[in-house]
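Pull up the model and keep the sequence beside it. We'll take a walk through strands, rings and a bit of surface.

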Amino acid sequence: MKISRRLFLGAAALGLTGWAGWSISRLAAAPGAPKDLGRIGDLDGRQLAAEPPPYAPPHDPKLPWSMKGGELNDASGLSRTPVYGVVAVRSRDDVAKALAFAKANELKIAMAAVRHSMGGHAFDDHALVLDMRGLNSIELDTVTKTVRVGAGATWHDIQNAIHPQFAVKAMQSTDIFSVGGSISVNAHGMDHHAGALDGSIRSLEIMLADGSVTTCSRTLNAELFRHVVGGYGLFGVILSAELEVVDNAVYETSRALIGSDAFPQYFDERIAGDNGLGLFYGHLSTATGNLLDEMVVYRYDAVQDELPEDFPALGAPGMVGLKRFILNLSKYGSAFRSLKWYVEKTLEPKFESCTVPRTAAMAEGEACLVSRNDPMHDSVPYLFNDLKGETDILHEYFFPRSAYPAMIAGARKIMLEHDANLLNASVRVVDAADIALPYAMEPAFSLVLYINQRTDAQGNAKMRALTRALIDLTIQNGGRFFLPYQLHYTAGQLLASYPELPSFLEAKRQYDPEEVFVSTFYRGISQLVEGTTAA
């Protein structure tokens with residue numbers, strides 16, 4: 001049969017339309033399940049997988065098991081680990097019973113919640129895992145302006161409980177994490193005045209390895225406090241935390257597009273010391289043609305002291321499918337990453353709408369107004385997808401503020417040399433923290449990178465090489481890398497960034513001499529540190 005040109009073109013157009021529809025649907029689709037993509041095999045040549053014990057005791061029927069045996073993974077999808085089982089904690093009594101059972105049967109314990117660390121920080125091979133998400137009580141004290149929360153409570157739930165009168169003082173820029181997890185990494189966010197989480201913790205209740213419960217704070221059992229905050233769950237089980245909250249506020253949102261090299265001066269002149277600026281963050285260009293050369297500074301400036309009567313409830317993120325599509329499309333080449341940056345810096349401002357209605361008391365007219373809670377009330381559903389054979393990995397590098405030009409120039413060079421699939425780059429501000437394992441020893445900036453990778457052996461090797469290059473750059477500029485992410489560093493890089501690690505590990509064994517509390521991360525860094533110091 002002879003096929004006419006018209007028929008051929010029609011069939012081709014139909015096929016192209018179908019392919020485009022399928023591609024859009026695939027890139028915009030919500031995940032069907034968490035990604036489970038295998039396991040990174042080693043840490044600087046040392047195997048991460050551990051042999052199972054010769055004998056596994058029967059699971060105590062009195063404990064609330066959500067899983068007996070099986071495997072767990074984390075947000076990377078690359079930490080698949082066999083565990084003894086998972087106890088779904090509902091009360092501190094569950095924690096005490098699980099701890100007693102583990103010690104009686106020579107099992108190790110790890111603590112987990114939403115598992116958004118990316119290097120096996122929330123579990124270990126053949127360990128009993130405490131799922132802390134059920135320990136999620138929230139009690140607000142309006143007089144002292146504090147909230148007492150269970151370690152498994154998420155920031156999302158806390159915001160809903162204290163809004164609209166109060167707002168969170170310090171947390172990450174997204175609300176999906178648990179309080180216990182955030183404390184364990186000493187998380188920081190968009191409020192440069194509040195600093196990292198350690199500055200807003202009034203007290204912590206901790207169950208130690210011997211089963212006793214103690215309270216610690218900056219002034220009570222201060223050494224334990226310094227090790228629990230930013231201690232990666234290695235010193236005890238955080239049962240609850242008393243956190244400071246602040247009065248909610250109305251902010252006017254705005255953006256400033258600047259050259260990224262102008263940011264230090266912009267920070268000194270427009271951000272530092274400006275008490276009217278409530279929150280801010282900066283996004284750097286991911287477009288290959290001007291990679292890290294431009295920055296959009298997002299500002300949230302206070303506009304009034306009292307809340308309007310028509311203050312709305314906190315809402316969910318909008319346009320999730322479109323945001324997911326644009327982000328995932330940007331993974332497929334430099335042209336699409338440039339398109340994504342164009343959308344962010346040029347198109348997004350034209351489509352933003354105000355969260356808080358304008359009231360008669362507000363003279364700003366066309367200003368876009370939000371509450372303090374709004375920018376952080378984002379569960380980032382658009383970051384999760386159903387794409388196969390790939391994952392998105394976070395990095396964060398802290399460095400003295402004077403090193404900003406060298407860090408940005410060096411990071412740009414490394415990204416281009418390694419052909420990194422950079423999805424997002426942000427700049428944050430942190431101060432020195434008085435904790436045992438600090439990531440900033442002086443006032444610092446941080447560079448946060450969100451990078452896509454393939455999950456085959458070549459993709460993992462490429463990410464390892466990129467990570468090590470970025471760590472070397474950071475060390476050369478007097479900085480440190482953040483520890484909650486993939487275990488791609490060398491022993492030398494680890495100790496150069498954290499010379500306090502030997503004393504940190506010594507203190508861990510003083511508080512927990514039988515090493516009951518473990519994780520793959522702990523086992524790995526212990527081997528690196530001990531191997532290096534022994535040599």
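What follows is a tour that starts with a sheet and ends on the outside. Keep in mind that this is a predicted model.

Let's begin with the sheet. Eight strands make it up, and the sheet is open: reading across, you get β18-β15-β17-β16-β20-β21-β19-β22, with antiparallel pairing. The two edges are β18 and β22 (480-481), since each of them pairs on one side only.

Start at the β18 edge and step inward. Strand β18 (residues 369-371) runs antiparallel to β15, and 3 bridges join the two. If you want a spot to look at, find V250, which stands opposite S371 in β18. On the other side of β15 (residues 250-259) comes β17, again antiparallel, and here the pairing extends over 10 bridges. Y251 is a handy marker for this contact, as it stands opposite A302 in β17. In a regular strand, side chains alternate between the two faces of the sheet.

One more step takes you from β17 to β16. These two run antiparallel as well, joined by 7 bridges, and L277 stands opposite D301 in β17.

The β16 and β17 neighbours also share a ring contact, but first some background on aromatics. How many aromatic pairs does a search of the whole structure find? The count is 20. Take Y84 and F101 as one example: their ring centres are 6.3 Å apart and their planes sit at 35°, so this pair is tilted. Stacked would need planes under 30 degrees apart, and edge-to-face over 60. Y84 is in the loop between β5 (81-82) and β6 (85-88), while F101 is in helix α2 (residues 92-104), so the pair ties together parts 17 residues apart in sequence. Are these two residues buried or exposed? Y84 is buried, with a relative accessible area of 7%, and F101 counts as buried too, at 10%.

Now back to the sheet for the other ring pair. Y281 and Y298 have ring centres 4.7 Å apart and planes at 10°, so they are stacked. Y281 belongs to strand β16 (residues 277-284) and Y298 to strand β17 (residues 294-304), so this pair, too, ties together parts 17 residues apart in sequence. Both tyrosines are buried.

Rings can also join up in a group. F263, F267, F280, Y404 and F445 are linked by ring pairs into a cluster. One member of that cluster has a charged visitor: R401 lies over the face of F445, 5.5 Å from the ring centre. Elsewhere in the sequence, K508 does something similar with Y522, lying over the face of the ring at 5.0 Å from its centre.

Next, a hairpin. Strand β9 (residues 138-141) and strand β10 (residues 146-150) run antiparallel, joined by 4 bridges. L140 has V147 as its bridge partner in β10. Between the two strands of the hairpin are 4 residues, and in the turn K145 has a positive phi of about 55°.

Finally, the surface. Y332, F336, L339 and Y342 form a nonpolar patch there, with about 380 Å² of accessible area together. L339 is found in helix α8 (residues 334-351). Why does L339 count as partly exposed? Its relative accessibility is 41%, and the partly exposed class covers what falls between the buried limit of under 20% and the exposed limit of over 50%.

Note on methods: Residues are numbered from 1 along each chain as its sequence is written. This is a predicted model: local features need pLDDT of at least 70, side-chain atom pairs count only at pLDDT 80 or more; totals for chains, interfaces and linings use all residues. Side-chain values use heavy atoms; hydrogens and water are left out. Patches are made of residues with over 30% relative accessible area and no salt bridge: like charges are joined within 9 Å, nonpolar side chains (Val, Leu, Ile, Met, Phe, Trp, Tyr) within 5 Å. Accessible areas come from the Shrake-Rupley method with a 1.4 Å probe; for residues, only the protein chains shown count as cover. A salt bridge is a side-chain nitrogen of Lys or Arg within 4 Å of a carboxyl oxygen of Asp or Glu. Buried means under 20% relative accessible area, exposed over 50%, partly exposed in between (1.4 Å probe, protein chains only). Rings of Phe, Tyr and Trp (its six-membered ring) pair if their centres lie within 6.5 Å; planes under 30 degrees apart count as stacked, over 60 as edge-to-face and the rest as tilted. A charge sits over a ring if NZ of Lys or CZ of Arg is within 6 Å of the ring centre and within 35 degrees of the ring normal. Two strands pair if DSSP finds at least two bridges between them.
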